[in-house]
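Me: I would like a close look at a single part of this model, namely chain B, with its sheets, the helices that lie across them and the side turned towards its partner chain. Please take me through it in one connected answer.

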Amino acid sequence: MELLGVVSFLVFFLIQSSFFSLTSIGLNIQWGFTGLFNVGIAGFFAVGAYTSAIMTGPHYDDTLFGGYDLPVPVGWLGAIVVTAFVAAIIGYITLRLREDFLAISTFGIAVSIQLIANNMDQLTRGPEGLYSLPKPLEDLSASPLVDNILYLGVCIGVIGLVYWGFERILRSPWGRVLRAIREDEHAAMAMGKNVFAFRLQSFILGSATMGLAGALYANFIGFISPTDFLPIFTIQIFVMVIVGGSGNNLGAIVGSVVMWGVWSASDSLIAAVVSPDFQTQAAAARIVLIGLILVLMLLYRPQGLLPEKHIVSAAGRMKLKGED
Amino acid sequence: MIFFINCKGKLKEVAIGSRSKAIFFYNQSNYLCQKFTIHMLKVESLVKDFGGLRAVDGTSFEVKKGTITGLIGPNGAGKTTTFNAIAGEFPITSGRIIFDGEDITPLPSFKTFRRGLVRTFQIPKPFAGMTVLENLMMVPKGQLGESFWNNWIRPKAVMEEEMRIRDEAVKVMEFLNLIQVAEERGGNLSGGQMKLLELGRALMSDPKMVMLDEPGAGVNPTLLGEIVEKIAELNRRGLTFLIIEHNMDLIMNLCDPILVMASGQMLMQGSASEVQNDARVLEAFLGGVAEDGS
Ligand SMILES: Nc1ncnc2c1ncn2[C@@H]1O[C@H](COP(=O)(O)OP(=O)(O)OP(=O)(O)O)[C@@H](O)[C@H]1O
Ligand SMILES: [Mg+2]
């Protein structure tokens with residue numbers, strides 16, 4: 001019985017970690033590879049979550065849209081497309097401007113998206129949220145644990161696919177240009193690269209990945225509401241990427257699991273040792289703890305747990321495999 | 001009969017005998033247009049203000065095809081700013097820039113590069129976190145693999161092109177004595193090596209014209225001699241150069257004509273001996289600022 005409890009917890013923990021991991025990979029292509037400072041991560045995650053919820057969810061009497069009961073994979077595809085579309089519009093407007101405008105505007109967008117989720121009852125049911133969302137493969141068994149193990153498999157499959165795709169594309173001349181833009185946008189432009197176009201592509205790709213993560217989250221939890229998408233989520237993702245090693249996708253995954261572990265452990269610790277009267281104050285201490293880890297990391301290991309690869313492109317080495 | 005060819009927006013008159021010849025010429029008009037243009041670069045009344053400061057003040061000059069033109073002048077004369085303006089680094093205040101017969105005044109730097117105009121930076125701008133080899137490999141224009149989709153649809157073609165580009169980069173590194181730091185990060189190079197990397201990137205771009213901003217600064221004399229030879233050799237193969245330099249040996253041996261700038265204006269131009277014997281030039285370099293800049 002004990003063991004079953006531990007396994008259940010572990011599976012649940014890893015599923016949650018995969019939402020963070022996928023989002024972190026999305027941020028990594030933007031921040032780690034291209035140097036784009038997107039502080040609206042929670043917003044893109046929310047767009048993906050709501051899109052899938054609306055597409056795959058049941059019919060609610062009080063909404064004008066939604067209740068399409070579509071298959072979950074269709075909802076996930078929809079989440080990717082819609083988030084990419086939103087990112088394309090935002091990116092098209094802001095990526096031409098000075099760098100800091102991206103940060104300001106993405107932050108504003110994330111806040112607006114949360115406001116929309118809170119107030120556009122006909123679409124999102126406001127603070128009450130969308131519920132009874134379908135979970136893929138849940139009909140296969142009656143045991144919640146088996147359900148979760150299957151879902152974890154799905155998550156790992158999705159992350160694996162995204163990871164493989166990103167590794168491949170980032171090791172190409174295309175990825176090499178992203179790295180060059182991160183290093184010096186003026187020099188990249190002087191070398192004939194359309195910096196705006198590359199940034200836009202990177203921004204869309206990263207944001208769509210965040211949207212997909214949101215969709216995975218929505219269909220796992222089965223119930224979403226605006227409070228799921230607070231700015232703290234954005235901060236968590238940044239810390240995960242920096243701790244794991246920005247510019248390294250495996251690092252983004254490792255950082256996500258580690259930092260989500262720290263977060264959850266501190267949660268349990270607070271629940272166990274702090275008296276109920278002070279629980280909220282103690283919860284705030286977790287944020288301080290995360291901040292402390294970030295500062296220590298930046299001081300003593302700024303490259304992260306897994307540093308980025310020295311050589312970006314597959315062909316960019318003096319001795320290639322198979323050559324003498 | 002008189003026939004007009006459309007030469008990049010301007011009509012040029014050509015006298016031609018028959019209609020069939022006219023059609024032939026019409027089809028060749030692009031080629032003819034190139035032949036008519038003896039100037040690779042034409043700068044007309046260029047002005048660039050930085051706030052209240054007029055860094056370039058109505059400069060006009062031309063760079064003829066196939067020349068190695070020098071650009072000298074005291075510190076702060078506006079030479080680098082002129083380069084930046086031509087390359088499209090920033091919008092200019094007024095003036096016109098014609099490159100190979102086409103008006104490139106409004107074009108941003110990535111577009112002037114694609115037209116075949118490449119420049120190096122006086123203060124090197126290597127991609128610090130990338131290796132020397134990759135600094136060079138990222139340069140060639142129109143790489144297949146720079147398109148997101150080609151990497152999925154035509155991975156083999158992309159890889160083949162990568163191999164070609166790598167071979168070329170290796171050659172450039174061998175020439176510039178950078179081969180032993182091929183996998184070192186650009187940011188870890190010495191100052192002189194960074195200048196060489198700047199030059200290397202320019203050589204990777206297959207340009208029509210190269211603008212070098214103080215290529216000799218910080219480079220050891222032996223290697224500088226080789227670079228001068230390389231520039232001369234590339235020039236013999238048809239490449240046009242515009243070179244800013246404070247090293248007078250390099251300028252006087254390599255460049256003809258030489259343009260002299262002072263206080264944002266073009267002071268004079270001429271051959272090495274003309275420049276050396278000009279009183280205005282001496283005054284500009286030795287005593288303060290020239291009064292008259294016509
Ligand atoms: N981005 C800028 N913003 C403001 N002022 C500038 C800028 N770039 C150049 N200037 C000013 O324009 C003037 C000309 O500078 P420029 O760099 O073109 O000189 P230069 O002829 O290249 O000199 P040097 O031989 O020392 O390199 C200087 O007074 C400089 O302070
Ligand atoms: Mg200068």
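Reply: What follows goes through the sheets of chain B, then the helices on them, and then the contact with chain A.

The model is a predicted one, and side-chain atom pairs were counted only at pLDDT 80 or more, whereas totals for interfaces use all residues.

A good place to begin is the open sheet of 6 strands in chain B, whose order is β8-β9-β10-β5-β11-β12 and whose pairing is mixed. Its edges are formed by β8, covering residues 117-119, and β12, covering residues 265-270, each of which pairs on one side only. On average, and with direction ignored, neighbouring strands of this sheet are turned by 20° against each other. Within the sheet, strand β5 (residues 68-72) and strand β10 (residues 240-244) of chain B run parallel and are joined by 4 bridges; here G70(B) stands opposite I243(B) of β10(B).

Chain B also holds an open sheet of 4 strands, in the order β4-β3-β6-β7, and in this one the pairing is antiparallel. The edge strands are β4 (53-64) and β7 (102-103) of chain B, each pairing on one side only. Between strand β3 (residues 39-50) and β4(B), which run antiparallel, there are 9 bridges, and K48(B) is found opposite V56(B) of β4(B).

The helices can now be placed on these sheets. Helix α3 of chain B, residues 79-87, lies across β5, β8, β9 (209-213), β10 and β11 (258-262) of chain B, and its direction makes an angle of about 150° with β9(B). The helix α3(B) also lies across β3, β4 and β6 (94-99) of chain B, where it runs at about 115° to β3(B), and α3(B) therefore touches strands of both sheets, given that contact means heavy atoms within 4.5 Å. Helix α12 of chain B, residues 279-286, lies across β5, β11 and β12 of chain B and runs at about 130° to β12(B).

Turning to the partner chain, 40 residues of chain B are in contact with 39 residues of chain A. The area buried between chain B and chain A comes to about 3,400 Å², and carbon and sulfur atoms give 63% of that area. On the side of chain B, the residues that lose the most area to chain A are E134(B), F148(B) and W152(B), which together account for 17% of what that side buries.

Polar and charged contacts also join the two chains: the count between chain B and chain A is 3 salt bridges, and one salt bridge is that in which the side chains of K193(A) and E146(B) meet, at 2.7 Å from N to O. Between chain B and chain A there are 23 residue pairs in polar contact, with both residues at pLDDT 80 or more. The elements of chain B that give two or more residues to the side touching chain A are α4 (109-114), β8, α5 (132-137), α6 (150-153) and α7 (155-175). The strand β8(B) thus appears both as an edge of the sheet of 6 strands and among the elements that contribute to the side touching chain A. The largest share of that side, 8 residues, comes from α7(B). Sorted by class, the side of chain B that touches chain A has 22 nonpolar, 7 polar and 11 charged residues.

Definitions and conventions. Residues numbered from 1 in each chain as written. Chains lettered and ligands numbered in written order. Predicted model: local features only at pLDDT ≥ 70, side-chain atom pairs only at ≥ 80, totals over all residues. Heavy atoms only, no water. Pairing = 2+ DSSP bridges. Axes fitted to C-alpha atoms, helices over the stretch in contact; angles between N-to-C directions. Buried area = accessible area lost by both parts, 1.4 Å probe. Salt bridge = Lys/Arg side-chain N within 4 Å of Asp/Glu carboxyl O. Polar contact = N/O pair within 3.5 Å; in protein donor to acceptor, adjacent residues only side chain to side chain. Nonpolar A, V, L, I, M, F, W, Y, C, P; charged D, E, K, R; others polar.
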